[in-house]
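Colleague: I am new to this structure and would like to learn how to read it. Please show me.

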Amino acid sequence: MKAIIVRAPGGLDRIERVELPDPGAPGPGEIRARLHASSLNFHDYGVVSTPNRVSDGRIPMSDGAGLVESIGDGVTEFKVGDHVVSCFFPSWMEGPPPIADFSTVPGNGVDGYARELVVAPATAFTHAPKGYSFTEAATLPTAGVTAWRALVVNGALKAGDTVLVLGTGGVSIFALQIAKAMGATVIATSSSDEKLKRVHALGADHTINYRHTPDWGARVREWTHGSGVDHVIEVGGPGTLAQSITAVAIGGHIALIGVLTGRAGEIPTAHLMARQARLQGLIVGSRKHQTEFIRAIEATGIKPVVDRSFGLDEIADAFRYEAGGHHFGKICLEF
């Protein structure tokens with residue numbers, strides 16, 4: 001089968017296409033799936049581009065969507081021909097998070113989905129949403145489930161809430177769509193006026209160009225009549241967190257998801273304490289979170305925004321496109 005691997009010590013110029021042996025028939029409790037799509041996340045880019053991040057020969061990509069070709073003994077949830085999508089944490093079924101690292105994450109601690117075929121435990125996948133293409137389904141395991149957990153599971157989002165989303169990447173666009181589907185008011189930021197026009201078309205009620213308005217936290221408070229927002233989808237990290245704390249309501253919720261501005265920095269702890277806000281970090285979610293999100297997708301009709309798709313052999317170009325930061329929504333691989 002065709003696959004992509006990353007040679008040590010890593011880097012986009014160390015990505016190779018190879019031919020690997022067929023994985024064979026599924027064993028008890030397993031499925032064999034033919035993969036047709038994956039989607040790029042900042043996590044995947046970090047894995048392939050950071051020196052010595054993964055072992056030599058690792059197959060990258062944490063998201064995969066495809067078709068069940070055969071099932072092993074004891075598998076009752078799936079049948080041949082079902083459309084399936086992978087789970088970010090294959091061993092986290094439900095309940096509190098049991099792991100605080102990426103040792104079990106496909107494409108990082110174990111081989112991922114930049115390949116044509118996979119044999120894996122049936123519980124490492126869920127059904128894809130009805131009516132979704134493989135490409136659309138592949139956007140869900142990381143970005144979609146992260147947005148769902150941040151707003152609905154951890155944030156207890158309800159109609160009438162106000163939500164601030166930072167930027168126009170995959171998680172933020174999913175969060176915008178989820179919030180609007182559930183009756184919330186959404187404020188979105190970007191450095192691009194063109195992208196702000198697009199988020200407005202998706203339903204954003206207010207938009208801010210943060211380059212033109214560096215004190216955007218105060219602008220958010222103005223639009224909310226001084227009260228601030230109930231939820232912040234914080235993907236920037238230390239470079240944006242101070243403004244997010246300014247923007248959040250007293251007793252509000254900041255979902256700390258990304259580190260796009262760095263992995264360490266000062267946090268205005270006194271300001272956070274005064275706001276009495278909840279700052280909660282999260283890494284994607286469980287299999288149950290994914291199935292609940294897919295049920296919500298089928299009820300609301302949410303469709304992912306795919307900026308551009310590349311072939312599997314073009315994976316390095318896809319990562320370079322992601323690194324340029326010009327995309328809106330998700331970048332995908334189709335194969």
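**Reading the sheet, helices and core**

Modeller: In this predicted model, 6 strands make an open sheet with parallel pairing, in the order β10-β9-β8-β11-β12-β13. Local features here need pLDDT of at least 70, side-chain atom pairs count only at pLDDT 80 or more, and totals for chains, interfaces and linings use all residues. Residues are numbered from 1 along each chain as its sequence is written, and side-chain values use heavy atoms, with hydrogens and water left out.

Colleague: Which strands stand at the edges?

Modeller: β10 (206–209) and β13 (278–281) do; each has a single partner strand, so one side of each lacks a neighbour in the sheet. From one strand to the next the twist averages 15°. Strands are DSSP runs of E of at least two residues, helices runs of H or I of at least four, both numbered from the N terminus.

Colleague: What does pairing mean?

Modeller: Strands of a sheet pair through backbone hydrogen bonds, either parallel or antiparallel. Two strands count as paired if DSSP finds at least two bridges between them. Strand β12 (residues 248–256) pairs with β13 over 4 bridges, in the parallel sense. Leu 256 has Gly 281 of β13 as its bridge partner.

Colleague: Which strands does helix α4 lie across?

Modeller: Helix α4 (residues 170–181) lies across β8 (162–166), β9 (185–190) and β11 (229–234), at about 165° to β8. Angles run from 0 to 180 degrees between N-to-C directions, with axes as lines fitted to C-alpha atoms, for helices over the stretch in contact.

Colleague: Is Phe 174 of α4 buried or exposed?

Modeller: Phe 174 is buried, at 2% relative accessibility. Buried means under 20% relative accessible area, exposed over 50%, and partly exposed in between (1.4 Å probe, protein chains only). Leaving aside neighbours within four places in sequence, Phe 174 has contacts (heavy atoms within 4.5 Å) that include Leu 140, Gly 144 and Phe 293.

Colleague: How do I read two packed helices?

Modeller: Two packed helices are described by the angle between their axes and the distance between the axes. For helix α3 (residues 140–154) and helix α9 (residues 287–300), the axes come within 9 Å and cross at roughly 85°. They are therefore roughly perpendicular (65 to 115 degrees; under 35 is roughly parallel, over 145 roughly antiparallel, the rest oblique). Among the residues making this contact are Leu 140 and Gly 144 of α3 and Phe 293 of α9.
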